[in-house]
Structure formats: structure tokens, C-alpha cells
Amino acid sequence: MHIGYLIREGISGARRTPVASTVTLLTIVVALSLAGLFGYASMNFNNFISSMRQRVELEAFLLPQPQMDLLLGQITGIPGVDSAHFVSKEEAAQVFEQQTGEKVTSLLDSNPLPASFRIALRPGYNDAQNALRITASVQSLEGVDTVLYRQAYVTQLDSIAATTRTIGLIGGCIIMLIAVVLTTNTIRLAIFSKRNVVQTLHLVGATMTFIRIPFLLEGMLHGTLGSLVAIALLAGFIHVVRFNIFTFPLLAPPLWFYGGIAALGILLGLFGSIIAVLRFLKLATAR
């Protein structure tokens, strides 16, 4: 199999259909750029959600005279618990005074506030389902009176995260579908523009694999060029956004982010080419 010939034919296919190739290239660039923006926005949004989840704490109010060391060990031994900080009755009274400006002892003869443990959760365990499970586990321990946490806040975070993922997934699929369709049409035009060459190769005994490869390479070429342009545009846009527009810190895209865009571009071009080859190449050889 002549590799050089196959590569030259793959490149020449793009030259024979310049308008369709340009449209496909631009479509892939737009698709990958939008997908990259979706991905970058998702990265930063997930980071923001994670920072908000770090504020999620359980507060376990204690019965009088619990076995502190034993209870602390039991709490920190629960899967998903990161740490537990003991808050004495006196510290609870100080917090009350800071928040309300009133002293507990000025309202009552004694301090009625119970001691408690403030329980921090590990990353990945601060969603609604895990928080509810850990709450039930802490509540079952001897010496614990009741356990409270901001359940509505955690549930809302989960809802926002799920909605964002769904919107991103649907939007990304629509964009990728458009890119695949246009790539398929470009390769279809290339096949019919070279139908005489295809028929000749078929008649002289060339295998279908030999005939298909240039068209697959053409699709991969579109995807590669499109991904390079999209990466350049995204890198410039993200740099401007990070340092010139937003005042709050945004994440720097890791190398795998750009590598994923390049791989996605090649796969888009290849997948569109495969569809076109399977659907239209037999028609070209049959004529």
C-alpha cells in the first residue's frame, strides 16, 4: 500500500472541493470553539460549586456529659467525614453574642446552649445524598442529641450542578452533530468529484480499503486543521478573559484541555468521513 499516494489523495480531495472544505473547516472550528468554551465554563463553574460545597458543615449538638474522646473518634471514623471541631458551651455563647449582639446570660440565668461538634466533609461527600447519609450516621451515635446542616442549600447546589451538566451535554451534542453532518457532506462531494478515479481504481482491482483511506485522511485533515485553529482562538480568548475582563480568578486550562480539543477535532473529521464513505462510496463504484 503506497502511503505517499494515499496522503496526497487525501490532501487533493480538500483542494477539489474548496468551498465545501472551507465551510466544513469553519464549522469544525466553531463547533470545537463552542465545545471548548462549554468545557472551560464547566471547569470554572464546577470549581465554584466545589468551593461553595466546602462551606457545607454538619453540626452535631451533644447531650450533657458525653464521652468526648470516644465520640470524636466515632465521628471522624465515618466515611466522608474530614474533621470534627469541638465547640464548647462557652464558645457557643461567644458565637451567639457575635451574631446577635446579646449575651446569653443577660437573657437567661444560665447558658442553655449545648456543646457541639462542627463536622467538615471531604470533597466528593458534600452533596445532598452523602450529607444525609453522614447525618444519619452521626445522629445514631450515643451522646449526640441532634444533627443539623443546611439541607436546602446543599440540595440547591446539586440541582444547579445537574442542570448545568444537562444543558452543556445537550448543547455540545447538537454542535457536534452539525459538525459531523457538514463533514459527511464534504466527503460525499469529494467522493462524487472523484467518482471516475474511484471507478477506475475499483476496476483495476484496488481494494475498498485502499479507496477509502484517502477520504478518511481528508476528514482527519479537516478535523486537525479545525482543532488547531480552535485551540489558537480559545487560548487567546481565555487569556483575555482571565487577565483583562474578570476580576475574580479563573482556572488556567490544563494541557489535557487543549489535547482533548485536538483529539475531538480529529474524531469529528474521521467520524464524518466514515459515515460518508460507508453511505456513498458503494454508489460511486457502482456507476
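**Close-up views of a predicted model**

**View 1. Strands S1 and S4 form an antiparallel pair.** Strands S1 and S4 are paired in the antiparallel sense, and 4 bridges connect them. Within this pairing, Glu59 has Leu148 of S4 as its bridge partner. The structure shown here and in the views below is a predicted model.

**View 2. Strands S1 and S3 also pair in the antiparallel sense.** The pairing of S1 with S3 extends over 5 bridges. Phe61 has its bridge partner, Ser116, in S3. Strand S1 thus appears in two pairings, one with S3 and one with S4.

**View 3. A salt bridge joins Arg118 and Glu59.** The closest N and O atoms of Arg118 and Glu59 are 3.8 Å apart. Arg118 belongs to strand S3 and Glu59 to strand S1, so that the pair links distant parts of the chain, 59 residues apart. Arg118 has a relative accessible area of 30% and is partly exposed. Glu59 also counts as partly exposed, at 23% relative accessibility. As a general point, side chains of opposite charge can pair when their charged atoms come close.

**View 4. A salt bridge connects helices H7 and H2.** The side chains of Asp158 and Arg53 meet in this salt bridge, with an N to O distance of 2.7 Å. Asp158 lies in helix H7 and Arg53 in helix H2, and the pair links parts of the chain that are 105 residues apart. Arg53 counts as buried because its relative accessibility is 12%, and the cut-off for buried is under 20%. A search of the whole structure finds 2 salt bridges.

**View 5. Asn126 is a buried loop residue.** Asn126 is placed in the loop between S3 and H6. The relative accessible area of Asn126 is 7%, and the residue is therefore buried. When neighbours within four places in sequence are left aside, Asn126 is in contact with Arg53, Gln54, Val56, Leu121 and Val154. Arg53, one of these contacts, is also a member of the salt bridge with Asp158.

**View 6. The largest nonpolar core has 25 residues.** Ile119, Val138 and Val144 are the residues with the most contacts inside this core. Two or more residues of the core come from each of helix H2 (18–53), strand S1 (57–62), helix H3 (68–76), strand S3 (116–121), helix H6 (128–139), strand S4 (144–148) and helix H7 (151–193). H6 provides the largest share of the core, 4 residues. With neighbours within four places in sequence left aside, Val138 is in contact with Ala60, Ile78, Ile119, Val144 and Val147. A second, separate core has 19 residues, including Ile28, Met43, Tyr258 and Ile261.

**View 7. A nonpolar patch lies on the surface.** Val30, Leu34, Leu37, Phe38 and Phe237 make this patch of about 410 Å². H2 gives the most to the patch, with 4 residues. Val30 is located in helix H2. With a relative accessibility of 47%, Val30 counts as partly exposed.

**View 8. Leu113 lies in the loop between helix H5 (104–107) and S3.** Leu113 has a relative accessible area of 22% and is partly exposed. The C-alpha atom of Leu113 is separated by 6.8 Å from that of Ala93, although the two residues are 20 residues apart along the chain.

**View 9. The whole chain gives the setting for the close-up views.** The secondary structure of the protein chain consists of 10 helices and 4 strands. From the N terminus on, the elements run α-α-β-α-β-α-α-β-α-β-α-α-α-α. The protein chain has 287 residues, of which 39% count as buried. Of the contacts between residues at least 6 apart in sequence, 83% join residues at least 24 apart. The protein chain exposes about 16400 Å², and carbon and sulfur atoms supply 64% of this area.

Key: Residues are numbered from 1 along each chain as its sequence is written. This is a predicted model: local features need pLDDT of at least 70, side-chain atom pairs count only at pLDDT 80 or more; totals for chains, interfaces and linings use all residues. Side-chain values use heavy atoms; hydrogens and water are left out. A nonpolar core is a set of buried Ala, Val, Leu, Ile, Met, Phe, Trp, Tyr and Cys residues joined through side-chain atoms within 4.5 Å. Buried means under 20% relative accessible area, exposed over 50%, partly exposed in between (1.4 Å probe, protein chains only). Contact means heavy atoms within 4.5 Å. Patches are made of residues with over 30% relative accessible area and no salt bridge: like charges are joined within 9 Å, nonpolar side chains (Val, Leu, Ile, Met, Phe, Trp, Tyr) within 5 Å. Accessible areas come from the Shrake-Rupley method with a 1.4 Å probe; for residues, only the protein chains shown count as cover. A salt bridge is a side-chain nitrogen of Lys or Arg within 4 Å of a carboxyl oxygen of Asp or Glu. Two strands pair if DSSP finds at least two bridges between them.
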